[in-house]
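Here are my notes on this one, in no particular order of merit. Have the viewer open while you read.

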Amino acid sequence: MQDCRGAVTNVVDFFIPFLPLERRHIVQCIMVEMKAMGLEPEHEMACELADEVVNYFPKDEKFFSVSGCKKIASRLRFYM
């Protein structure tokens, strides 16, 4: 039992807040992914794709991304 208590007392807990990504961050993710795919990153196209491939909240303002950049690569391949 003492071994278990020793392991528990040496555990380090940190709270790392993850804030939702804003639309401008999604545009940056799209441009980075375009470059990784060997395409020329275009800001206007990235803005259009940011509106088409990502869900935002609040829906009226499209300010924060629901899923972040996780799905950008797969969705970008579909649209390109």
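1. A cut-off to begin with: a residue is called buried when its relative accessible area is under 20%, exposed when that value is over 50%, and partly exposed in between. Keep in mind that we are looking at a predicted model. With that cut-off, 21% of the 80 residues in the protein chain come out as buried.

2. On to the overall surface. The protein chain exposes about 6500 Å², and 57% of that area is supplied by carbon and sulfur atoms.

3. How do the elements run from the N terminus on? The order in the protein chain is α-α-α-β-β-α, made up of four helices and two strands. As for contacts, take those in the protein chain with a separation of 6 or more: 55% of them join residues 24 or more positions apart.

4. Now the aromatics. How many aromatic pairs are there? The count comes to three. In one of them, the ring centres of Phe 57 and Phe 64 lie 5.6 Å apart with the planes at 35°; the pair is called tilted because that angle is neither under 30 degrees nor over 60. Both partners are partly exposed, since Phe 57 has a relative accessibility of 38% and Phe 64 has 24%, and the class in question runs between 20% and 50%.

5. Another pair is formed by Phe 78 and Tyr 79, with 5.4 Å from centre to centre and 90° between the planes, so the pair is edge-to-face, a label that takes an angle over 60 degrees. Is Phe 78 buried or exposed? Phe 78 counts as exposed because its relative accessibility is 68%, whereas Tyr 79, at 37%, counts as partly exposed.

6. Back to Phe 57 and Phe 64 for a moment: together with Phe 63 they form one aromatic cluster. If you are colouring rings in the viewer, Phe 57, Phe 63 and Phe 64 can share a colour as that cluster.

7. Last, the nonpolar patch on the surface. Which residues form it? Met 37, Leu 39, Phe 78, Tyr 79 and Met 80 do, with about 490 Å² of accessible area together. Phe 78 sits in helix 4, which covers residues 72-79. So Phe 78, exposed at 68%, turns up both in this patch and in the edge-to-face pair with Tyr 79.

Methods. Residues numbered from 1 in each chain as written. Predicted model: local features only at pLDDT ≥ 70, side-chain atom pairs only at ≥ 80, totals over all residues. Heavy atoms only, no water. Patch = residues over 30% accessible without salt bridge, like charges linked within 9 Å, V, L, I, M, F, W, Y side chains within 5 Å. Areas by Shrake-Rupley, 256 points an atom, 1.4 Å probe, with all protein chains shown as cover. Salt bridge = Lys/Arg side-chain N within 4 Å of Asp/Glu carboxyl O. Buried < 20%, exposed > 50% of the residue type's maximum accessible area, 1.4 Å probe, protein only. Phe/Tyr/Trp six-rings, centres within 6.5 Å; stacked < 30°, edge-to-face > 60°. Contact = heavy atoms within 4.5 Å.
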